[in-house]
Amino acid sequence: MAIAKAERLMNLALCLLGTRRPLSKRELRDSIEAYVEAFGPGNGATGSDDSFNRMFERDKDDLRELGLVIETVENLDGEVGYLARRDSNRLPPITLDAEEAAALGLAAKVWQQARLAGAASGALQKLRAAGLPEDVDPYGSHGALEPRIPVHEAAFEPLMLACRDRRPVAFDYRKATAAHPEQRHVEPWALECWRGHWYLAGWDRDRGAERVFRLSRITGKVRSRGGRYTAPVPDVVTVRETVASWAGEVADRSARIRLRAGAGYPLRAKATSVRELGHGWDELEIPYGHGLDAWLVEFGPDVVVLEPAELRADVVDRLRAVAKG
C-alpha cells in the first residue's frame, strides 16, 4: 500500500509539473491511472466522486508537505484548476558556510517540539545533499539555552501552508468580547509569535481591511478557498509591525494598574515604575497600546486597572464576556 501511494503521489506531481495550464480535478482523475482504477472516469457516481475528492485533497496536502508548491487557479467559468510551476519548484545551487549551517540548525531546533520537527529535519537533509558542509553538525550545541517555540493550536499548520502557498482561507473566529464565533474569510499573509501566542496577519475580505487574528481564538477547522488574492501582500517588515501593533507591542500612552504581590512577572518586566501599596498589592505604570486589555484579562483577579477609564471599561467588558461563556 505504501508503494502504491508513493507511485500515485509521484504521478500526480509529474502531472502538475508537466502541464502548462491548470488542470481540473476531473482532468487529473482521468489522467492518473491509480485514480481511474480506484474510482473510474470523472463522470462516475456521486459516491465515487466524494471518495476521489477526499483522496485527492489528501494527496495534494501530502505533496505540499513534501515541499511541492501547488497553485490553485480559478478560470472565468469558476472551475478550479491546479498546477505546479517549474520556476516555483526549482532551487538554485546552494552553498552554505559553517555559520550559515549553524544558523539553520538552530532554527530547526526551535521546531523540535512542534509538528514541523519532521519537516525541519528533512529540509536539513536536503540542504546537506545540496552542499551543507560535512564537518558541520546542524544540531550541535550552540549554548546553554535551548530555543523552543510552542505550537499548540491546530490552526497553525494549515495557516502556515496557506501563507506559503498564497491560498485564501475561511475559519470561525471568536473575539474576546464575543460569546459566539463568526466566520471570517481571510487572505493570510504571515504568522507571528508574540509573548507566547501565535497571530495571523492578513486581509479580511468581509471587512475589506487588514486584520490580525489570535490562533487560540480560531474554532473548528481552517478551510481552503479557491481563487487568487484580491489585496496586495505587504513586505515582511510591514506585516510584523501590523502584528505587533494589534497585539499591543506599540504603546503611545501609560496605564496604572494594581498588581498582586508575587504575581504578573511579565507585567513587571514591562513596567516603567513599581510602587508597593502594602496588604499584598503593588502599583505599576505600564505602556498602554492596542491589545493591552486582552493581555491584562489573562491575569484574572491579580490585576485591577486604575486608569485610564477606557482601559478599565474594556477589561471589565472582556471579563463579563468570559463569564457569560
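Strands β4 (residues 169–173) and β5 (residues 182–194) run antiparallel and are joined by five bridges. This is a predicted model. Strand β5 is in turn joined to β6 (residues 197–204) by eight bridges, again antiparallel, and six bridges join β6 to β7 (residues 209–214), which also run antiparallel. The points below take up these strands, then a separate three-stranded sheet, a pocket, three helices and the backbone exceptions.

**Strands β4 to β7**

- Between β4 and β5, Asp172 has Gln183 as its bridge partner.
- Two bridge pairs mark the contact of β5 with β6: Val186 is partnered by Asp204, and Pro188 is partnered by Gly202.
- Asp204 also has a bridge partner in β7, namely Ala209.
- Further along the pairing of β6 with β7, Ala201 stands opposite Val212.
- The hairpin of β6 and β7 has four residues between the strands, and Gly208 takes a positive phi there, near 65°.
- Six of the eight residues of β6 are buried, so this strand is largely enclosed by the rest of the structure.
- In a regular strand, side chains alternate between the two faces of the sheet.

**The sheet of β1, β3 and β2**

- Three strands form an open sheet in the order β1-β3-β2, with antiparallel pairing.
- β1 (23–24) and β2 (71–74) stand at the edges with a single partner strand each, so one side of each has no neighbour in the sheet.
- The pairing of β1 with β3 (residues 80–83) is antiparallel and rests on two bridges.
- Leu23 has Tyr82 in β3 as its bridge partner.

**The second largest pocket**

- The second largest pocket holds about 670 Å³ of space.
- Its lining comprises 24 residues, and those nearest its centre are Asp61, Pro158, Arg167, Val222 and Ser224.
- Two or more lining residues come from each of α4 (46–65), β3, α7 (156–165) and β8 (218–224).
- By class, the lining of the second largest pocket has twelve charged, eight nonpolar and four polar residues.
- Rolling a probe the size of a water molecule over the atoms shows where empty space is left.

**Helix α7 and the residue after it**

- Helix α7 is mostly covered, with seven of its ten residues buried.
- The buried residues of α7 are Phe156, Glu157, Leu159, Leu161, Ala162, Cys163 and Asp165.
- Arg166 follows α7 and lies in the loop between α7 and β4.
- Arg166 has a positive phi of about 55° although it is not a glycine.
- With a relative accessibility of 39%, Arg166 counts as partly exposed, because buried means under 20% and exposed over 50%.

**Helices α10 and α11**

- Helix α11 (residues 309–324) has 16 residues, which at 1.5 Å a residue should span 22 Å; the end C-alpha atoms are 23 Å apart, which agrees.
- Leu311, Val315, Arg318 and Ala321 are buried in α11.
- These residues cover an arc of only 120° around the axis, which puts them on the same side of α11.
- An α-helix has 3.6 residues a turn, so residues three or four places apart point the same way.
- Ala309, Arg320, Ala323 and Lys324 are exposed on the other side of α11.
- Leu296 belongs to helix α10 (residues 292–297) and is buried, with a relative accessible area of 1%.
- The C-alpha atoms of Leu296 and Arg312 are separated by 9.9 Å, and the two residues are 16 residues apart along the chain.

**Other backbone exceptions**

- Most residues other than glycine have a negative phi, and most peptide bonds are trans.
- His279 has a positive phi of about 55° although it is not a glycine.
- The place of His279 is the loop between β10 (273–278) and β11 (281–289).
- His279 is exposed, with a relative accessible area of 82%.
- Glu307 and Pro308 are joined by a cis peptide bond, with omega about 5°.
- Pro308 lies in the loop between β12 (303–307) and α11.

Definitions and conventions:
Residues numbered from 1 in each chain as written. Predicted model: local features only at pLDDT ≥ 70, side-chain atom pairs only at ≥ 80, totals over all residues. Heavy atoms only, no water. Pairing = 2+ DSSP bridges. 1 Å grid on protein atoms, 1.4 Å probe; cavity = no way out; pocket = protein on both sides within 12 Å on 5 of 7 lines; lining within 4 Å. Points joined across faces, edges and corners; volume = space filled by probe spheres on them. Nonpolar A, V, L, I, M, F, W, Y, C, P; charged D, E, K, R; others polar. Expected span 1.5 Å × (residues − 1). Buried < 20%, exposed > 50% of the residue type's maximum accessible area, 1.4 Å probe, protein only. Arc of directions from axis to C-beta.
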